[in-house]
Amino acid sequence: MPIRQLPEDLINRIAAGEVVERPASVVKELVENAIDAGASRVHITTAGGGQSLIRIEDDGIGMDEADLVLSVERHATSKLADDGLEDIRTLGFRGEALASIGAVAELGIASRRAEDTSGLRIAVKHGAKSRPVPLAMNRGTIVEVRELFGNVPARRKFLKTERSEAGAITDMVKRLAMANPHVQFVLEGADRTTSNWPGREGDGALRARLGDVMGGDFGDNAVPLATMRHGMVVTGLAGLPTYTRANSLSQYFFVNGRAVRDKVLVGAIRAAYADFVFRDRFPVAAIFLAVDPADVDVNVHPTKAELRFRDPGAVRGALIRAITEALDAAGHRAASTVAE
Ligand code: ADP
Ligand code: MG
């Protein structure tokens, strides 16, 4: 076969497969956009495990007409002022999410800025974009995604049951809510239950939010972390050695406000608790690291769920130290000094 230049809608569908793995990844991208837009309230509604409907409403800054039209184009972002990738402080920056979602679903975006008298709505179905039409709405943005993967049967087949996709959405929203305690989260589940976590302010904000999301008894069975070392700040809560689970799913990690999964971090927890906890038990933890953006590469994975530390050993050392000190202060002294 001769080489051919692929048409844009096919390029978008291929790219979409990387950013939009499943309904929960759509929820992640849209909620992160709401947070990047400065929302103080995010309302999430889903139906059919997110496959028939995902709707995210925020009260953020909104978009004007030009931005609304551009927002669904590929590689269009308001978050990279220049061409540097070293100093990213927003959750998004690739400018790919909305274009990708629009390529594999029926996407509607309505938005209104505070200074405008009415909003505008555009729709994209399988890559085809409609003109903006006026719409009465409050300040902020409403994104609706219907019939996700309607034009990608292969991807649809890979989805799990409605229930387990809904579960993945809930887990994703929990992570986003833990990372953003000052934002109110309302999650209307398909099972007709609604979680409503009020925005938390002040010193106890994180602890209160972790209680909201992980259950009150976690706070009662955990020690607070608060250390700074080599310019790295570690905060959050680490469970007492008696408060464990059979797997590491209840260990939540956040780096610079972004929920991540990372072997270095899981390994550091294991090492910190080595003297207290059996090898097949996993302490519950919600750990927040603030590092210099230049010391971490979030650009390794399209969904940014994985990252690479410039100096993994230093991160491991700082985390082990933070946990051992906190446990020590609570009367759990390690028998051996944990090596860094
Ligand atoms: P990225 O977040 O990487 O910039 P997206 O495709 O997710 O890319 O969004 C494209 C652009 O659309 C954003 O840079 C932002 O300017 C705008 N945008 C998306 N969602 C919202 C929202 N909820 N509120 C305001 N602006 C938004
Ligand atoms: Mg985004």
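This report walks through a predicted model of a protein chain with a ligand, from overall build to single residues.

## Ground rules

Since we're looking at a prediction, local features need pLDDT of at least 70 and side-chain atom pairs count only at pLDDT 80 or more, while totals for chains, interfaces and linings use all residues. Residues are numbered from 1 along each chain as its sequence is written, with chains lettered from A and ligands numbered from 1 in the order in which they are written.

## The overall build

The protein chain has ten helices and 18 strands; these are DSSP runs numbered from the N terminus, with helices being H or I runs of at least four residues and strands E runs of at least two. Its radius of gyration is 21 Å, close to the 20 Å that the globule rule gives for 340 residues, so the chain is as compact as a globular protein of that length. (That radius is taken over C-alpha atoms, and the rule is 2.2 Å times the number of residues to the power 0.38.) Along the principal axes, the C-alpha atoms fill a box of roughly 65 × 50 × 40 Å.

What share of the 340 residues counts as buried? The figure is 40%, where buried takes 20 or more other C-beta atoms within 10 Å of a residue's own, exposed takes 12 or fewer, and partly exposed is in between, with C-beta atoms placed from the backbone. As for contacts (C-beta atoms, placed from the backbone, within 7 Å), 66% of those between residues at least 6 apart in sequence join residues at least 24 apart.

The domain assignment splits things into domain 1 (8–197) and domain 2 (215–329); such bounds come from an automatic or database assignment. Their C-alpha centres lie 28 Å apart.

## Around the ligand

Ligand 1 is surrounded by 24 residues, and the closest are Asn33, Ala37, Ser71, Thr77 and Gly92. Being near here means having a C-beta atom, placed from the backbone, within 6 Å. Helices α2 (23–36), α3 (65–71) and α4 (97–103) are the elements that give two or more residues to this shell.

Chemically, the shell is a mix: nine nonpolar, nine polar and six charged residues. For that tally, Ala, Val, Leu, Ile, Met, Phe, Trp, Tyr, Cys and Pro are nonpolar, Asp, Glu, Lys and Arg are charged, and the others, Gly among them, are polar.

## Strand β1 and its partners

Let's start with β1 (41–47). It pairs with β2 (53–58) in the antiparallel sense over six bridges; for two strands to pair, DSSP has to find at least two bridges between them. Thr45 sits opposite Arg55 in β2. The two strands form a hairpin with five residues between them, and Gly48 in the turn has a positive phi of about 60°. β1 also pairs with β8 (residues 184–188), this time in the parallel sense over five bridges, and Val42 has Phe185 as its bridge partner there.

Back at the turn, Gly48 counts as partly exposed, with 16 C-beta neighbours inside 10 Å. Gly48 is 114 residues from Glu162 in sequence, yet their C-alpha atoms are 5.8 Å apart.

## Strand β16 and helix α6

β16 (residues 285–290) pairs antiparallel with β11 (residues 232–239) over six bridges, with Leu237 opposite Ala286. β13 (residues 251–255) runs parallel to β16 and is joined to it by five bridges, with Phe254 facing Phe288.

Which residues does Met178 touch, not counting those up to four places away in sequence? They are Arg209, Leu210, Val213, Tyr252 and Ala286. Met178 is in helix α6 and counts as buried, with 22 C-beta neighbours inside 10 Å. From Met178 to Phe254 is 8.9 Å, C-alpha to C-alpha, across 76 residues of sequence. Gly167 is also found in α6 (residues 162–179), and is partly exposed with 15 other C-beta atoms within 10 Å.

## Two loop residues with positive phi

Glu147 is a residue other than glycine with a positive phi, near 50°. Glu147 is in the loop between β7 (140–146) and α5 (153–158), and is partly exposed with 17 other C-beta atoms within 10 Å.

Asn256 likewise has a positive phi near 50°, and belongs to the loop between β13 and β14 (258–260). With 19 other C-beta atoms within 10 Å, Asn256 is partly exposed.

Methods:
Contact = placed C-beta atoms within 7 Å.
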